[in-house]
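Grab a pencil and work through these exercises on the structure below. Try each task yourself before you read its solution.

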Amino acid sequence: MTAGQEGPDSGNALVGIVLVSHSAPVAESVAELARELAAGGPVAPVAAAGGTALGGLGTSSERIVAAAREVDRGAGVALLADLGSSVLTVKALLMEDELPPGSALLDAPFVEGAVAAVVTASAGAPLAAVAAAAAEAYAYRKA
Amino acid sequence: MRDADFFRHWMAAVAASVEREADRLTELDSPIGDADHGSNLLRGFTAVVAALGAQPPTAAPGEVLQLAGRTLISTVGGASGPLYGTLLRRTGKALGESDEVSDAELRAALAAGVDAVAQLGGAAPGDKTMLDALEPGVAALGTSYRAARVAAENGALATVPMRARKGRASYLGERSIGHQDPGATSSALLLGALADVAEPEGAR
């Protein structure tokens, strides 16, 4: 499914966030950054899926699937990815329906998008609003 | 008609080709990529052969290719994993559940697989990617498997003067010109292995 579609009906459950990077430390650090910037109330579930299953640089489809299941509360799962194979692996998994229902790849910059997504999801916003907030990070010009 | 063993032989032949050519694939991936294409594909197709060996022998052709694709997505670790994985899974899905498939059905299924790769990667012919070998190769299947191999090899050679528009190589801009694309090269190996299994030398 594409970003912007609503997840399954879920009451007050929070949207889960998965951060997919080529590097495990990058995924973990961005998850930590986003969680801390969203703190102050309930924080949406965030999971990092970085690096290969062998601990190298690359992408592990197993880690992505496990992370998505871990953060799935029934309100949808928003995935952010950094480069090449991270993006392609998430898309391939979505094409084959291997991620929880209501999962979507967000079109957003990785770090800024992650912070926007976690803050918005923690406020209880639905998946479409989380996706829109993350995508808005592209509009912030730095120079 | 082609049965499941034909597809197992094809995957084993790809694994053997990749093993033989792994160093060259990695070498091609050094100036314009991250020098891991040969080792990534070798790990992937070695895992494919192991997974197919553990699959029930009653599996249909389509199931053989779907398992091969799923294994590539989960073991390669680089962009070629989801790309080749999607190619084989979509081809396998298109073959359905019948125990034997015709060459025409295989041709149509491969075309569906190539379309899925184009959709996944957002690339078009001329972008210096796998598609530059896969599209002419699969189109030539209408003539013969040998013609498909030649068309895919020529497609891979034709990537040399192209400027990369997708993936890591695209960051190099003009400097990607003059190098043969590693993904197009391995795609030619995939269709070359298909030709070897479908039309063995001695059989002609």
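**Exercise 1.** Find the bridge partner of A:Val18 in β3(A), then place the two strands in their sheet.

*Solution.* Step 1: A:Val18 pairs up with A:Leu79. This is a predicted model, where local features need pLDDT of at least 70, side-chain atom pairs count only at pLDDT 80 or more, and totals for chains, interfaces and linings use all residues. Residues are numbered from 1 along each chain as its sequence is written, while chains are lettered from A and ligands numbered from 1 in the order in which they are written.

Step 2: β1 (residues 16-21) and β3 (residues 77-81) of chain A run parallel and are joined by five bridges. Strands here are DSSP runs of E, at least two residues, and helices are runs of H or I, at least four, numbered from the N terminus; two strands pair if DSSP finds at least two bridges between them.

Step 3: The open sheet of chain A has four strands, ordered β2-β1-β3-β4, with parallel pairing. β2 (46-50) and β4 of chain A each have a single partner strand, so one side of each lacks a neighbour in the sheet.

**Exercise 2.** Is A:Asp97 buried or exposed? And B:Lys128?

*Solution.* Step 1: Count other C-beta atoms (placed from the backbone) within 10 Å: 20 or more means buried, 12 or fewer exposed, in between partly exposed.

Step 2: A:Asp97 has 10 such neighbours, so it's exposed. B:Lys128 has 28, so that one is buried.

Step 3: Now check the backbone. Phi is near 55° for A:Asp97, a non-glycine residue with a positive value; for B:Lys128, also not a glycine, phi is positive too, near 65°.
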